[in-house]
Amino acid sequence: MSDLNPQRRSFLKTTLGAAAVAIAPGMLLIDMAHGKAEAASGKVRWGMLIDTAQCKEGCTDCVNACNKENGLSGGTKATDPQWIRKIAIKDVSTGRVQSLPMMCQHCEQPPCVDVCPTQASFKRADGIVLVDRHRCIGCRYCMMACPYKARSFVHEPLENQNPDVPRGKGTVEACNLCVGRIDNGQTTACAEACPNKAILFGDLNDMNSEIAIKIRSVASAQVRADLQLNTGIRYQGL
Amino acid sequence: MVDLSALRSKNRLYYVLLAAGGLVALGGMYAVHMMESHGHIISGMNNQIVWGIPHVFAIFLIVAASGVLNVASIGSVFGKAVYKARAPLASLLSVAMLSGGLAVLMLDLGRPDRIMVAATNYNITSVFAWNIVLYSGMFSLVVIYLWTMMERRMNPFNKAAGLAVFVWRFVLTTGTGLIFAFLTARQAYGSALLPPMFIVLSFAWGLAVFHVVQRVIYAWNEKSLDPAIQQRTRNLLGVFVIGSLYMVATYHMTNLYFAHKSGFENFILVSGGIYPNLFWWGYIVLGNLLPLLLIYTPGLGKTKCVVAASSLVILGAFALLYVFIIGGQAYPLNIFPGYEVSSSFGDGQIASYQPSLYEFLLGFGGLAIAFIITTVSVRVLNFMPQDKPYIAD
């Protein structure tokens, strides 16, 4: 090896060192931005049990909390996004009136995920149905497919966004089950805000969780159960 | 001595037409720019009516693009000389309308700049994603098919290419119908009848477009169509119109039979304001009955009648698509069967929709793209049907 060039070797070393120094802070930032390192667990199925008997007519605390948490304007024009809404329902035959919150039902078989051409709509391993705003091309097919009308399209440029919940004009969005809060071990904003504790959030798969115990003991229903989507949101008293 | 002044004025007219088409296309681009910068807020679409006028135009163009190939298929696959002579023009129209339709569909997206994502992140279960393959495949196949017809050395491959196009367009229109057929929860859609309905509709709409364009090209070249050929293609249009009427009637009749869909049918056929009006007057009377009268009344059915009938079929197509796409969304989604519902998000309410000028500009822009492609191609290449003096079949 007579043609060994020490100068070249040291140049390579310096370059590699400089590159490492330059990249390291960036990698650290990416790590920080990603938050927790571990992926969502498939053993968990996040869901909610909503007790319609406890949901007060006219109360919109859950809606307001959601708007605040996710930086929504709270407007109710036909073009304004609404991630959660209060629905008043009246049984046509008996006249019984009920009030309940309606949002993305986080289906096990979500039609929005099936129809999305770009896989922007996706279901996390723990059952949360989300929209990847970087992949969404704004075709609105998921809005056509959703049986619960849970999705909204961002019709206008957005200002003063919540940095933890980035949104984007021209893309579709919906209730994300406060995924950021869940990943930090908290409950959803709507469940936290409900004065009557009508919304119970938890892991449906954990047999010892409060929600699983309650679902075993009271009669609960899925909205449009006939579609067999196996929703993560259940209603009691419907 | 050739009369050059007549030629010159025709030449001028050609450029005027082209400029007019370009201007309309430019209007479409302006609408896209406005929607890009302001968002869809400037359209009439909202969270209840998520697909609007642009989709009416786009789906018409795409369905007609598939249907017009019927003319080519009858020639190439079933070997009828009259239609074979018209296959190049039919293929050109297909490519032109497909381009226009896809442009509208793509430019209406919330993020048209991300269209590449549709290619890089492919969702195998999405019928929209299938359609991306079906549309681009159809485009390529029809171009190859045209090549086998217009390049003598490629002629031996013509039959195979024709067969491929024949199969592909059936699958393509099935895919277009499936966009709606796969919507499980909406009363208006979610029916397996929709793909075959769209296929039969495509026959009528495609042939209607073909008749109008053929008439214009013959008039431009100061030629007249052989009455025997006229009669054959006219009768075919009549059969297709009857066929599509049958499919639409079956779709509504099956809906009427299901108790849970009778509310929707009542809305579309009787009480829904603009929708029943457009359905009965626009689609049934103007788009079907009047064309059938013009085609089949003894003594009528001459060139002018065929062009009028075809134009009416096209108008009827837009009426039907408006009722189907927008009326289908305007009727509230039945989230709680058996309950009266109300909310801040339009639950239980008939959704209102006022299309904006920008949507029409975009839609007409798509038509203009199809027009420009057709006009330029007809000028630079020979798409004039070359009929033999004796028709064997």
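**A sheet shared by chains A and B**

In this predicted model, chain A has an average pLDDT of 92, and 93% of its residues score at least 70. Confidence varies among the elements of chain A: the lowest mean pLDDT, 75, belongs to helix H1 (residues 6-34) of chain A, and the highest, 98, to strand E7 (residues 172-173) of chain A. Where pLDDT is low, the predicted coordinates should not be read in detail.

The domain assignment divides chain A into domain 1 (1-35) and domain 2 (46-236). A distance of 46 Å separates the C-alpha centres of domain 1 of chain A and domain 2 of chain A.

The account now turns to the sheet. Three strands make up an open sheet, arranged in the order E3(A)-E2(A)-E1(B), with antiparallel pairing. Strand E3 (97-103) of chain A and strand E1 (339-343) of chain B occupy the edges; each has a single partner strand, so one side of each is left without a neighbour in the sheet. From one strand to the next, the twist averages 30 degrees.

Strand E2 (residues 84-91) of chain A is joined to E3(A) by seven bridges in the antiparallel sense. Within this pairing, A:Ile84 has A:Met103 in E3(A) as its bridge partner. Helix H2 (residues 61-70) of chain A packs on the sheet, where it touches E2 and E3 of chain A. The direction of helix H2 of chain A makes about 160 degrees with that of E2(A). In general, the strands of a sheet pair through backbone hydrogen bonds, either parallel or antiparallel; here the pairing is antiparallel.

Methods: Residues numbered from 1 in each chain as written. Chains lettered and ligands numbered in written order. Predicted model: local features only at pLDDT ≥ 70, side-chain atom pairs only at ≥ 80, totals over all residues. pLDDT = per-residue confidence, 0-100. Helix = DSSP H or I, 4+ residues; strand = E, 2+ residues; numbered from the N terminus. Pairing = 2+ DSSP bridges. Axes fitted to C-alpha atoms, helices over the stretch in contact; angles between N-to-C directions. Contact = placed C-beta atoms within 7 Å. Domains from an automatic or database assignment.
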